[in-house]
Amino acid sequence: MKKPSPKTTVIEEELTRIFPSEWIKETARETKFIKRSREVDPVMFFWALILSFGVGVSRSLASIRRCYGSMAAKELVPSAFYDRFTPELVEFLKRCIA
């Protein structure tokens, strides 16, 4: 396995300091983005969504769904993933950047 570079580790540590898993879960519940954590992991959804975008990167919802599946080690049927793009997700993401 390839050892992460020190720069990558610092970036990962800083991102997880800014957005701790427990905070993401609590915010997802407060905004009603996640009502039950059985089907979709809000932490994995957040990171898949955030890390799928970048400068000059063109992503589709299908590629973000595959990214989520890879990160969460759990495949979601397309409808279960696409149905998450709701006003509650918008409120959740607004809280994350506030």
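**Close-up views of a predicted model**

**View 1. A side-chain contact within reach of threonine 16.** The side chain of threonine 16 comes to 3.1 Å from the backbone oxygen of glutamate 13, in a model that is predicted rather than determined by experiment. Threonine 16 belongs to helix H1, which spans residues 6-18, and its relative accessible area of 46% makes this residue partly exposed.

**View 2. The start of helix H3 and its buried residues.** At the beginning of H3, a side-chain oxygen of aspartate 41 lies within 2.8 Å of the backbone nitrogen of valine 43. Helix H3 covers residues 42-51, and because seven of its 10 residues are buried, the helix is largely enclosed by the rest of the structure. The buried residues are Pro42, Val43, Phe45, Phe46, Trp47, Ala48 and Leu49, so that Val43 appears both in this list and in the contact with aspartate 41.

**View 3. A nonpolar surface patch that includes methionine 71.** Ile50, Leu51 and Met71 together make a nonpolar patch of about 250 Å² on the surface. Methionine 71 is part of helix H4, residues 61-72, and with a relative accessible area of 32% this residue is classed as partly exposed.

**View 4. Cysteine 67 and cysteine 96.** The structure contains zero disulfides. Cysteine 67 has a relative accessibility of 24% and is therefore counted as partly exposed, whereas cysteine 96, at 7% relative accessibility, is counted as buried; the cut-off that separates these two classes is 20% relative accessible area.

Notes. Residues numbered from 1 in each chain as written. Predicted model: local features only at pLDDT ≥ 70, side-chain atom pairs only at ≥ 80, totals over all residues. Heavy atoms only, no water. Helix = DSSP H or I, 4+ residues; strand = E, 2+ residues; numbered from the N terminus. Buried < 20%, exposed > 50% of the residue type's maximum accessible area, 1.4 Å probe, protein only. Polar contact = N/O pair within 3.5 Å; in protein donor to acceptor, adjacent residues only side chain to side chain. Patch = residues over 30% accessible without salt bridge, like charges linked within 9 Å, V, L, I, M, F, W, Y side chains within 5 Å. Areas by Shrake-Rupley, 256 points an atom, 1.4 Å probe, with all protein chains shown as cover. Salt bridge = Lys/Arg side-chain N within 4 Å of Asp/Glu carboxyl O. Disulfide = S-S within 2.5 Å.
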